[in-house]
Amino acid sequence: MSEPIKTLVTPVRLDYTITASSAQARFLRHVVEGRLVGERCPDCRKVYVPPRGACPTCAVPTRDEVVLSQRGTVTTFCVVNIPYEGRVLELPYVAASILLDGADIAIFHLIQEIPASGVRMGLRVEPVWAPPEARRPTLESILHFRPTGEPDAAFESFQEHL
Ligand SMILES: [Zn+2]
């Protein structure tokens with residue numbers, strides 16, 4: 001009697017297109033120009049990046065654009081050690097939540113140009129942009145973030161944004 005089949009490998013592929021909301025479209029047009037622009041809630045003053053078009057807390061439109069600093073702080077992160085199909089990055093690598101200066105919510109991106117073991121909460125980072133001709137309306141126009149060399153941010157400065 002032969003061994004029972006316990007697993008079956010089946011290739012799966014899903015192609016899809018995302019239609020950007022008007023707020024996302026505004027944000028992505030700035031990304032092509034190498035700018036990170038959030039939107040401020042007129043009531044609670046929180047700055048959302050990428051903007052969602054409205055404040056989820058106050059339920060009011062957020063149309064005031066805020067050009068954000070090209071620097072930020074790693075709030076949380078994870079070290080990826082698991083090989084997977086289609087991976088293009090060398091292991092281990094770090095994906096992190098990055099709170100841009102002036103923003104109230106973090107964006108998620110890669111941290112490079114530092115060993116994974118050196119990444120920590122509070123690390124100050126800056127984006128490394130693709131060359132202008134290679135930029136597209138996607139956060140992939142930022143190749144990764146890298147350390148700025150500034151002293152780490154104090155935990156108290158970002159603890160409300162974890
Ligand atoms: Zn609000």
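**Reading a zinc site and a pocket in a predicted model**

Modeller: From the N terminus on, the elements of this chain run α-β-β-β-β-β-β-β-β. The model is a predicted one.

Colleague: How many helices and strands does that make, and what box do the C-alpha atoms fill?

Modeller: The chain has 1 helix and 8 strands. Taken along the principal axes, the box filled by its C-alpha atoms is roughly 70 × 40 × 35 Å. Of the 162 residues in the chain, 36% are buried.

Colleague: Let us turn to the metal. Which protein atoms are the donors of the zinc ion?

Modeller: One begins with the atoms within 2.8 Å of the metal. Here the SG atoms of Cys41, Cys44, Cys55 and Cys58 are the donors, lying 2.3 Å from the zinc ion. Along the chain these donors follow the spacing C-x2-C-x10-C-x2-C. Cysteine 41 belongs to the loop between strand S1 (37–40) and strand S2 (47–48), and cysteine 58 to the loop between S2 and strand S3 (64–67); the pair therefore ties together parts that are 17 residues apart in sequence.

Colleague: What is the geometry of the zinc site?

Modeller: Geometry is read from the angles among the donors, and four donors count as tetrahedral if all angles lie between 85 and 135 degrees. The angles among the 4 donor atoms of the zinc ion are 106 to 111°, and the site is tetrahedral.

Colleague: Are cysteine 41 and cysteine 58 buried or partly exposed?

Modeller: The cut-off for buried is under 20% relative accessible area. Cysteine 41 has 0% relative accessibility and therefore counts as buried. Cysteine 58, at 24%, counts as partly exposed.

Colleague: The same reading should serve elsewhere. Is proline 151 buried or exposed?

Modeller: Exposed means over 50%. Proline 151 has a relative accessible area of 69%, so this residue is exposed. Proline 151 is found in the segment after strand S8 (142–147). Its C-alpha atom is separated by 7.7 Å from that of leucine 123, although the two residues are 28 apart along the chain.

Colleague: How does one find a pocket, and what is the volume of the largest pocket?

Modeller: Rolling a probe the size of a water molecule over the atoms shows where empty space is left. The largest pocket has a volume of about 400 Å³. It is lined by 15 residues, and the closest to its centre are Phe108, His109, Thr138, Leu139 and Glu140. By class, the lining has 11 nonpolar, 3 polar and 1 charged residues.

Colleague: Where does the largest pocket lie with respect to the domains?

Modeller: One asks which domains give residues to the lining. Domain 1 (19–68) and domain 2 (69–162) both do, so the largest pocket lies between them. Helix H1 (22–32) and strand S6 (107–111) each supply at least two residues of this lining.

Definitions and conventions:
Residues are numbered from 1 along each chain as its sequence is written. This is a predicted model: local features need pLDDT of at least 70, side-chain atom pairs count only at pLDDT 80 or more; totals for chains, interfaces and linings use all residues. Side-chain values use heavy atoms; hydrogens and water are left out. Donors are N, O and S atoms within 2.8 Å of the metal (3.2 Å for Na, K and Ca); water is not among the atoms, so sites may look incomplete. Four donors count as tetrahedral if all angles lie between 85 and 135 degrees; four count as square planar and six as octahedral if opposite donors are over 155 degrees apart and all others between 65 and 115; anything else is irregular. Helices (H or I, at least four residues) and strands (E, at least two) are DSSP runs, numbered from the N terminus. Buried means under 20% relative accessible area, exposed over 50%, partly exposed in between (1.4 Å probe, protein chains only). On a 1 Å grid over the protein atoms alone, a cavity is a set of points where a 1.4 Å probe fits but cannot get out, and a pocket is an open set with protein on both sides within 12 Å along at least five of seven lines; lining residues have an atom within 4 Å of a point. Grid points are joined across faces, edges and corners, and a volume is the space filled by probe spheres set on the points. Ala, Val, Leu, Ile, Met, Phe, Trp, Tyr, Cys and Pro count as nonpolar, Asp, Glu, Lys and Arg as charged, and the others, Gly among them, as polar. Domain bounds come from an automatic or database domain assignment.
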